[in-house]
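Dear colleague,

Please find below the sequence and structure that I am handing over to you. I would be grateful if you read the notes that follow with the structure open beside them.

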Amino acid sequence: MSLPPQLLRSLENFRDQAKDAIWALTSCLCQQTPKVKINGRTFQIIKVLGEGGFSFVYLAQDENSGRQFALKKIRCPTGSQGVKEAMREVEAYRRFKHPNIIRILDSAVVQDPEGDGQIVYLFLPLYKRGNLQDAINANLVNGRHFSEQEMLRLFRGTCLAVRAMHEYRPATPQSAMAAKKASANGSSGKAKALDDEDDERFPQAEGDAEGGYSYDGPSASVPLVTKHRVDEGDVVFDGDEELEHIQQDGEGNPASEVVPYAHRDLKPGNIMVADDGKTPILMDFGSTMKARIHIENRSQALLQQDIAAEQSTMAYRAPELFDVKTGQTLDEKVDIWSLGCTLFALAYSHSPFENTQTTEQGGSIAMAVLNAQYKHPQSAYSQGLRNLIDAMLKVNPAERPDINEVIRLTDGVLQSLS
């Protein structure tokens, strides 16, 4: 008797989690540090930083240099198809360049020594302060909460990262050819300019296969990020200069039309805090895809529901992903809903749909989401903050603001507090 594919995946995931747990336990009992060899280098695995699905994230240290990294390990028991899906995440990391988006340092695909599948390793910067969910948990333990200004600044930085995805522009044929020419000439040494700690063994990725760009859009009515570095042309500009060059790529050619991407799993746990304690860094692009998907039939609708159920965290998932309808077009507004849930969680320490009724009394998170059933707890936060959250948590995507409007509204609340 053959088991359903979803059950098989669950069993394989449980087996892999058990392997990693046993590995971690035995290393503690034997007082030995596990090691892995990747791309000819040996790394000590110090501890597990997190896990989810088929992936684990470890604190890893290079034996030679002593540098520490966040090493993401993705098991691909399904072989080449699993590797292809994992490499989509690698491509997403390379696609979007922005100060509030994590950058990938290196990646590798190796044979799983304990199975027939393969393993994809991703080397990412280590942020010692953890993520916003860690900060929420610490607040709960210590009886503290974010100040409204601190919270809104972290939220605004996250919105800037999301805007880079929602307003992504693929490269024009001219800039793609220029990128290939530059690569052929060996002019790929931009890593030093971006980060003096980078070395040649960890080159900074040079954009996706399309050679595209992430811009802060000209329609924004708020100050644009200064010193924003474009991909291929390595052009640096700030202030009004961005408006002047926004319709051009790095080679001075007309830029192509916007092709929005949606993150699809925005939540506090996927937003790291940089070492300065103020800069949010968006991460985990395993769920990222082109945002606008027209649903033509029931089969496509069910497929999108299944993808969302597997890749998007339920308490932060937009209602249109719970009940995908034939004839509708899914778009980047799914991220706006998740941003609303994220800001709510920063303010009140939990998602709007993780309450006593849904977590302790057997209520349905899905039904609460589909009906936007939530309440603001009593707090000292301003009415402006509550209005901002409410604006994003509209069941109808057409009634939600776009990312530029969210940033404008956030700036309005910040200005009212100063």
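Two strands are said to pair if DSSP finds at least two bridges between them. Strands, of at least two residues (E), and helices, of at least four residues (H or I), are DSSP runs numbered from the N terminus.

The model is a predicted one, in which local features need pLDDT of at least 70 and side-chain atom pairs count only at pLDDT 80 or more, whereas totals for chains, interfaces and linings use all residues. Residues are numbered from 1 along each chain as its sequence is written, and side-chain values use heavy atoms, with hydrogens and water left out.

The chain as a whole

The protein chain contains 14 helices and 16 strands. Of its 418 residues, 48% are buried; buried means under 20% relative accessible area, exposed means over 50%, and partly exposed lies in between, with a 1.4 Å probe and protein chains only. A contact means heavy atoms within 4.5 Å. Among the contacts in the chain with a separation of 6 or more, 66% are between residues 24 or more positions apart.

The sheet of six strands

Six strands form an open sheet in the order β1-β2-β3-β4-β6-β5, with antiparallel pairing. The edges are taken by β1 (35-38) and β5 (106-111), each of which has a single partner strand, so one side of each is left without a neighbour in the sheet. On average, neighbouring strands of this sheet are turned by 35 degrees against each other, direction ignored. As general background, strands of a sheet pair through backbone hydrogen bonds, either parallel or antiparallel.

Strand β3 (residues 55-62) is mostly covered, with 7 of its 8 residues buried. The antiparallel pairing of β3 with strand β2 (residues 41-52) runs over 8 bridges, and that of β3 with β4 runs over 7 bridges. S55 can be used to follow both pairings: S55 stands opposite G52, and S55 also stands opposite I74 in β4. In addition, β3 and β4 form a hairpin with 5 residues between them, and G66 in its turn has a positive phi of about 80 degrees.

On its other side, β4 is joined by 7 bridges to strand β6 (residues 118-124), and the two run antiparallel. A70 has L124 in β6 as its bridge partner. Helix α2 (residues 80-95) packs on the sheet and touches β4, β5 and β6; the direction of α2 makes about 10 degrees with that of β6. Here axes are lines fitted to C-alpha atoms, for helices over the stretch in contact, and angles run from 0 to 180 degrees between N-to-C directions.

An annotated residue in β4

K72 is found in strand β4 (residues 68-76). The unreviewed UniProt entry covers K72 with the annotation "binding site"; UniProt positions are given in the numbering used here, feature names are shortened, and annotations may be inferred rather than shown by experiment. Is K72 buried or exposed? With a relative accessible area of 6%, K72 is buried. Leaving aside residues up to four places away in sequence, K72 touches S55, F56, V57, E89, V120, Y121, L122 and D284. D284 lies in the loop between β13 (280-282) and β14 (289-290), and its phi is near 60 degrees, a positive value in a residue other than glycine.

Helix α3

Which residues of helix α3 (residues 132-142) are buried? They are L132, I136 and N139. Seen down the axis of α3, these residues fall within an arc of 60 degrees, so they line one face of the helix; the arc is that of the directions from the helix axis to the C-beta atoms. Their cover includes α4 (148-166), β12 (271-273) and α10. Just after α3, G143 takes a positive phi of about 65 degrees.

T410 and its surroundings

T410 lies in helix α14 (residues 403-417) and counts as buried, at 0% relative accessibility. T410 and R156 are 254 residues apart in sequence, yet 6.7 Å apart in space, C-alpha to C-alpha. Not counting residues up to four places away in sequence, T410 touches L152, F155, R156 and L388.

Yours sincerely
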